[in-house]
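Reader: I would like a close look at one part of this model, the surroundings of the ligand, together with the strands that lead up to that place. Please take me through it step by step.

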Amino acid sequence: MRVPLTTRDFLDRAELVYGDRIGIVDEPDQPAPSLGDVTWREVARRGRALQAGLDALGVGAGERVAVVSHNAARLLEVLLAVPSSGRVAVPVNFRLSQEEVRYIVGHCGARVLMVDPELETALSGVPAEHKLIIGEEYEQLLRFDTEPVPWAEPDEDATATINYTSGTTARPKGVQMTHRNEWVNAVTFGLHMQVSDRDVYLHTLPMFHCNGWGLPYAMAGVGARQVVLRKVDGAEILRRVEQHGVTVMSGAPAVWNSVLDAAEQWDGEIPGRDRVRVIVAGAPPPSRTIARIEAELGWEFNQIYGLTETAPLLTVNRPRAEFDDLEPEERARRLSRAGVPALGTRLAISETGEVLAQGNTVLAGYWDNPDATGEALEGGWFHTGDGGTVDEGGYLTISDRKKDVIITGGENVSSIEVEDVVFSHPAVAEVAVIGVPDDKWGEMVTAIVVLAEGEQADEAGLIAHCRGKLAGYKVPKRVEFRDELARTATGKIQKFKLRESFWVDAGRSI
Ligand code: AMP
């Protein structure tokens, strides 16, 4: 027998098995009226009412429904219900400019656009056939008055979602995820993180980003409660962990650094000690951050690696039994690797050092962009664009984005490796290592540093700190200090912006 693997399964099971339980706790403090605590039965009922609303609008199966929103229960509802209703959900990054949102809405041909009230003015110029503000207008779309329609029965190979990747040079590309992609990602993720109905998941990751890594599906399938967090803030995360008994969170390294900062001011015992598991990805976590999460917060550190194009799960690094008795530094070093392939994923390293992947989480294609699809899937492997190595234990370590590798004096330098060493200096709050043009070296290893509040360090001191810990040619030749580093909504440092100022005079960019 073959039953389609669809996002519906997660919502159906949550309703059937955990209907009376609180499924979603909405953000209390938001511009739209908060939904408060919603049971899984109510989430499913509202989801079907949303389906009935789209039916009434004449928006048919396979049509796109775009949504631009900070984290909110209604955004979760859209992610769960729109694909289950046979339409395609297009969650858009809330930090994008009006022009970028206009491009995405036009490119995917969305007939419906839902907008966070906070973004109403900023996005007032984005046209859409049915544009509604999340709140009153959204609520009016939901049709509770019609006979409850059963869920549509989407095909597992139908597109469930389209997530646009941040294009730094070219236009953003729309990553088409099928129901099957999402299903396999969520179930495999749930298996490796051992999620259960005892878990409480706090949304510290923007839900638009790769559909919250597919965790909304994984958590719904096992009836875990999902707590919405609208804005990432270290102290607020600690408060919510305490208030809601949170057990699982996910996010980029920058999120955990903000929690570590807040923990220094926290009165009393850190909540969630020996209970919370954090899942880190999106950028390489510095080993100092890993060691501090475990020592200062008492939270279990887990790393995964993947891309929007892979749903995202490709590799996973969970503290295994063999790590239990290691010294904290060695344990952090082992956990700083991206991990081993998730069940059902195959990895390879190309001749040029690029990480290649095969598996059921790899995208179907880029929306309306066959050239990019062909390039990404050339030779039957997905090309990640990341450089990496695999050690004898089968663990993958990401060395750099292909375009971020520094070539100095003919040697390749992994900016990630250098960043890790610079970051191990206690005065450093943030660091990005880039190559800047140089007549002698071609590119010169340069560290751009933000100092921690009240801490001091100078160029010579930081360079001295790196000597002995890195091969000579990898040691930064120059250190510059900044007040902050530009980051994306998902916590990635925008290196291309940092590089711009140095390369502009060189008349070239590599
Ligand atoms: P995105 O599609 O926005 O999720 O970005 C995916 C990219 O984030 C990957 O290609 C990597 O460059 C980076 N990334 C994700 N997870 C990790 C990780 N665990 N370690 C290092 N880089 C990562």
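Author: What follows goes from the ligand and its polar contacts to the strands beside it, and ends with an annotated domain.

The model is a predicted one, and the distances below should be read with that in mind. Around the ligand there are 15 residues, and those that come nearest are Gln303, Ile304, Thr308, Asp386 and Arg401. Sorted by class, this shell is made up of 7 nonpolar, 5 polar and 3 charged residues.

Several polar contacts can be described atom by atom. Arg401 places an N or O atom of its side chain 2.5 Å from an oxygen atom of the ligand, while a polar side-chain atom of Lys492 lies 3.1 Å from a ligand oxygen atom. With Gly282 the backbone is involved, since a polar backbone atom of this residue is 3.0 Å from a nitrogen atom of the ligand. Taken on its own, the ligand has 500 Å² of accessible area, and the protein covers 90% of it.

Two strands deserve attention here, as β13 (300–306) and β20 (396–401) each provide at least two residues of the shell. Of the elements that contribute, β13 gives the most, with 4 residues.

Strand β20 also leads away from the ligand into an open sheet of 4 strands, in which the order is β16-β17-β19-β20 and the pairing is antiparallel. β16 (346–349) and β20 stand at the edges of this sheet and have a single partner strand each, so one side of each is left without a neighbour in the sheet. From one strand to the next, the twist averages 50 degrees.

At the β16 edge, the pairing can be followed residue by residue. β16 and β17 (residues 354–358) are joined in the antiparallel sense over 4 bridges, with Leu347 opposite Ala357 and Ala348 opposite Leu356. In a regular strand, side chains alternate between the two faces of the sheet. These two strands form a hairpin with 4 residues between them, and in its turn Gly353 has a positive phi of about 90 degrees.

Lastly, an unreviewed UniProt entry lists residues 417–492 under "domain: AMP-binding enzyme C-terminal". In the model this span is 20% helix and 33% strand, and its end C-alpha atoms lie 16 Å apart. Lys492, whose side chain has a polar atom 3.1 Å from an oxygen atom of the ligand, is the residue at which the listed range 417–492 ends.

Notes
Residues numbered from 1 in each chain as written. Predicted model: local features only at pLDDT ≥ 70, side-chain atom pairs only at ≥ 80, totals over all residues. Heavy atoms only, no water. UniProt positions renumbered as here; feature names shortened; annotations may be inferred. Near = heavy atom within 4 Å. Polar contact = N/O pair within 3.5 Å; in protein donor to acceptor, adjacent residues only side chain to side chain. Areas by Shrake-Rupley, 256 points an atom, 1.4 Å probe, with all protein chains shown as cover. Nonpolar A, V, L, I, M, F, W, Y, C, P; charged D, E, K, R; others polar. Pairing = 2+ DSSP bridges. Axes fitted to C-alpha atoms, helices over the stretch in contact; angles between N-to-C directions.
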